[in-house]
Amino acid sequence: MVSKDALSYDPLPLPDRAGYSDKEMQQKAAGFLAHMQRRHSVRDFTGQPVPRQVIETCIRAAGTAPSGANHQPWFFTAISRPDLKARIRAEAEEEEKKFYAGGAGDEWIKALEPIGTNADKPHLTTAPWLIVVFAQRWGEFEDGSRYKHYYVPESVNIATGVLLTALHTAGLCTLTHTPNPMKFLNSALGRPAAEKPTMIIAVGHPAEGATVPSVAKLKKPLEEISAFLE
């Protein structure tokens with residue numbers, strides 16, 4: 001994908017082609033919409049184990065996302081070790097305490113009130129898996145010299161969306177968590193300086209009695225999120 005040597009353009013015939021009728025396309029689009037409308041972020045997880053192979057397959061799906069120059073500037077660290085999850089929770093909650101104590105500002109805190117969050121993050125230890133998403137700001141050749149990645153935030157965001165969709169499709173619930181700052185994750189997980197942590201995703205099965213905030217079901221209508229210029 002990246003080499004110090006010149007790489008030539010080598011086109012391949014399109015490997016896969018759907019070829020659906022208009023009616024079939026609409027049916028599949030509607031089916032996918034209904035599937036995604038059943039996706040919910042939850043904060044109440046059970047400790048029921050999730051096989052590693054499921055997580056691996058979902059990460060492989062995320063790795064199919066498009067990226068700038070096909071550099072694929074992402075890295076996913078999946079954690080099930082209780083000691084590491086406990087360390088991540090402790091350090092994340094330390095940052096969250098500062099956030100809710102005034103670091104976020106009144107407007108941000110007010111915006112979070114309908115979500116019902118606070119500095120306590122039990123999901124970080126209860127969920128059987130945490131997946132930490134890293135954005136690779138640059139790459140390195142074998143001799144240690146650097147090369148540039150392109151459209152890193154956009155590429156990593158697309159891959160993260162694919163990962164969340166794959167996990168939902170596998171029947172799992174997720175919760176995205178972004179403590180600020182997140183530099184502690186590099187040292188906790190042994191990741192290099194080239195990588196910037198962007199998100200912690202808690203993954204597992206919802207606990208009995210799990211709830212979601214009612215405001216989470218309020219989605220903007222089509223006319224507020226799109227325009228069609230025909």
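Helices here are DSSP runs of H or I with at least four residues, numbered from the N terminus. In this predicted model, E95 and K98 both lie in one such element, helix α3, where they are three residues apart, about one turn of the helix.

**The sheet and its helices**

The strands form an open sheet of four with the order β1-β2-β6-β5, and their pairing is antiparallel. At the edges of this sheet stand β1 (74-79) and β5 (173-177), each of which pairs on one side only. Neighbouring strands of the sheet are turned against each other by 25° on average, direction ignored.

Strand β1 is joined to β2, which covers residues 129-136, by six bridges, and the two strands run antiparallel; within this pairing, F76 stands opposite V133 in β2. Helix α3 (residues 82-103) packs on the sheet and touches β1, β2, β5 and β6 (195-204), with a direction that makes about 115° with that of β1. Helix α6 (residues 152-169) also packs on the sheet, touching β1, β2, β5 and β6, and its direction makes about 160° with that of β2.

At the other edge, β5 pairs with β6 in the antiparallel sense over five bridges, and C173 stands opposite G204 in β6. Although β5 is an edge strand, it is mostly covered, since four of its five residues are buried.

**Salt bridges**

Side chains of opposite charge can pair when their charged atoms come close. The structure holds seven salt bridges, among them the three in the table.

| Salt bridge | Closest N to O distance |
|---|---|
| R81 and D83 | 2.6 Å |
| E91 and R87 | 3.0 Å |
| E95 and K98 | 4.0 Å |

In the bridge between R81 and D83, R81 is partly exposed with a relative accessible area of 47%, and D83 counts as partly exposed at 45% relative accessibility.

E91 and R87 both lie in helix α3, four residues apart, about one turn of the helix. Both are again partly exposed, E91 at 26% relative accessibility and R87 with a relative accessible area of 37%.

Which of the two residues E95 and K98 is buried, and which is partly exposed? Buried means under 20% relative accessible area, so E95, at 16%, counts as buried. K98, by contrast, has 49% relative accessibility and therefore counts as partly exposed, because the exposed class begins over 50%. The salt bridge between E95 and K98 thus joins a buried residue to a partly exposed one.

Notes. Residues are numbered from 1 along each chain as its sequence is written. This is a predicted model: local features need pLDDT of at least 70, side-chain atom pairs count only at pLDDT 80 or more; totals for chains, interfaces and linings use all residues. Side-chain values use heavy atoms; hydrogens and water are left out. Two strands pair if DSSP finds at least two bridges between them. Axes are lines fitted to C-alpha atoms, for helices over the stretch in contact, and angles run from 0 to 180 degrees between N-to-C directions. Contact means heavy atoms within 4.5 Å. Buried means under 20% relative accessible area, exposed over 50%, partly exposed in between (1.4 Å probe, protein chains only). A salt bridge is a side-chain nitrogen of Lys or Arg within 4 Å of a carboxyl oxygen of Asp or Glu.
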